[in-house]
Structure formats: C-alpha cells, structure tokens
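Welcome! Please take a look at the sequence and the model below, and then read on for a short guided tour.

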Amino acid sequence: MTTESKEGTQSWQLGRHWHFNLFNDPKRLGFVLARYKLAASLIPSKKSVLELGCSEGLGAPILAKNALSYKGIDLDVDAIETAKLNLKQPHYLFEESDFMGKSYGEFDAVVSLDVIEHIYPEFEAKYFETIVANLCEQGIAIVGTPNITSAPYASEASQIGHVNLYDGLKLQDAMKKYFKSVFLFGINDEVMHLGYHPMAHYLFVLACGRK
C-alpha cells in the first residue's frame, strides 16, 4: 500500500496480525481505528504520548498527529519491526519490550487499548501501576477494553485470549484506586456510546489526577 503524506510518498506494509484481520474480518479495522480516533481526541495538542501495547503501530499516526512525541511499546517482535518499517519519522519511537513494571519516562498521556483483557487478574495491579509510573504529575491515562457483556458474541479465538474481561463498574473502580478522577465511556462499532454501560460493546476510560 502506497500513500501520500506530508513527509512525501511512503509505503505501508501490514504485518502478520493486521494482514490476517484485513482478509478475514476487515470491519475490525474500522472499529479499531475509531477507538484510536476517540483516544486522540482526548489528548491535548503538543503533548508526549506513550502507548502500551501498540502492536504494529496502526494507531500511532492518529495518536501522534497533534502530539509532541510518540513512543510505542509491545512485546511482539514482528509487530514492532513492522511499526519501525512503516513509521521512520523522528517523532515516532518503537521498542520491543514487556512493559509490565517498567518506566520509560514521564509522559503527558499513556494510552493502552485492547491490552488489559489479555492480562491475568493476578497481574492487573502491576499493569495499572505501570501506567501510573509512566505519567507526569498532570498526565492522563486512557484505557480501552471489550465489555464483558459482549463476550458471548466474540469469536472463539477472542474468547480464548480474553482472560480478564471487565464490565463498566469494575473497570471504573479499578482505575479509581490509582486516579482521583475517572470518566467512563463506551463505543459500539464506530459510534461513541454514552448510555447504559452494559449495552456498550467496548469500554473506554479517561483517568487523571494520579494518586
């Protein structure tokens, strides 16, 4: 895939994960990009962004569009290599790493989408602590995950991989242990959901004021 950007003509190569999704469940690409669009809209301009669990960096151009800098972390070696291949501009940094318990600096925003559901409950506290440890004093955290109420409709592969699903209140309460202010939203496909939380397919939390 070749595109025109402000940096000039460049090619975008899909890695193993998104190549599979594009040909087997293409609508998922729209859903995921919509989640990144919402996350980016909540981050003020000219801020530093850290993404924990960035995969192939598909959402990086959206998160980084108005950001001062962007850093993506993932433990999938192939995914990180794909991200580095596609996004070579100096304001993008990617690192292959198991981020649990690690600090990469103090960022204005930490974003982590579609990650917590893959972390076993006994390690979830370490996950949230890692988010807090990478935020500056006035930083914001954005966490997104499928709603447990949507689990019966998920694919068999998703059900196997999703070992720690949340409902809205559980996610909100978990974040309140680490932040003074927590705001819960939802997304259905590409549409933001502000109604009854169990009817949202995907949960989205914005948190600020680290404790």
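## Strands side by side

Strand 3 (residues 48-52) and strand 4 run parallel and are paired over five bridges. Two strands are called paired if DSSP finds at least two bridges between them. Helices (H or I, at least four residues) and strands (E, at least two) are DSSP runs, numbered from the N terminus. This is a predicted model, in which local features need pLDDT of at least 70 and side-chain atom pairs count only at pLDDT 80 or more, while totals for chains, interfaces and linings use all residues. Residues are numbered from 1 along each chain as its sequence is written, and side-chain values use heavy atoms, with hydrogens and water left out.

Within this pairing, leucine 50 faces lysine 71 of strand 4. Strand 4 also pairs with strand 5 (residues 92-96), again through five bridges and in the parallel sense. There, aspartate 74 sits opposite glutamate 96 of strand 5. How many of the six residues of strand 4 (residues 69-74) are buried? Five of them are. Here buried means under 20% relative accessible area, exposed over 50%, and partly exposed in between (1.4 Å probe, protein chains only).

## Three residues to find

The table places three residues for you.

| Residue | Element | Relative accessibility |
|---|---|---|
| Histidine 19 | helix 1 (residues 16-24) | 42%, partly exposed |
| Serine 48 | strand 3 | 11%, buried |
| Valine 182 | strand 8 (residues 179-188) | 11%, buried |

What does serine 48 touch, leaving aside neighbours within four places in sequence? Its contacts (heavy atoms within 4.5 Å) are Leu68, Ser69, Glu106, Phe107, Asp108 and Ala109.

Valine 182, not counting residues up to four places away in sequence, touches Gln172, Met175, Lys176, Val205, Leu206 and Ala207. From valine 182 to cysteine 208 there are 26 residues in sequence and 6.7 Å in space, C-alpha to C-alpha. Histidine 19 and leucine 135 make another pair to look up: they are 116 residues apart in sequence and 33 Å apart in space, C-alpha to C-alpha.

## A helix and its neighbours

Now turn to helix 5 (residues 124-133), whose buried residues are Tyr127, Phe128, Thr130, Ile131 and Val132. These buried residues pack against strand 3, strand 6 (107-113), strand 7 (135-146), helix 7 (168-176), strand 8 and strand 10 (202-210). Serine 48 and valine 182 from the table lie in two of the elements on that list, strand 3 and strand 8.

## The whole chain

Stepping back, the protein chain holds seven helices and 10 strands. Its C-alpha atoms fill a box of roughly 45 × 40 × 30 Å along the principal axes. The radius of gyration, taken over C-alpha atoms, is compared with a globule rule of 2.2 Å times the number of residues to the power 0.38. For 211 residues, a compact globule would have a value near 17 Å, and the chain's 16 Å agrees with that.

Buried residues account for 47% of the 211 residues. Of the contacts between residues at least 6 apart in sequence, 63% join residues at least 24 apart. There are 20 positive and 25 negative side chains in the protein chain, and the centres of these two sets are 6 Å apart. In that count Lys and Arg are positive and Asp and Glu negative, with His and the chain ends not counted; the place of a charge is NZ of Lys, CZ of Arg, CG of Asp or CD of Glu.
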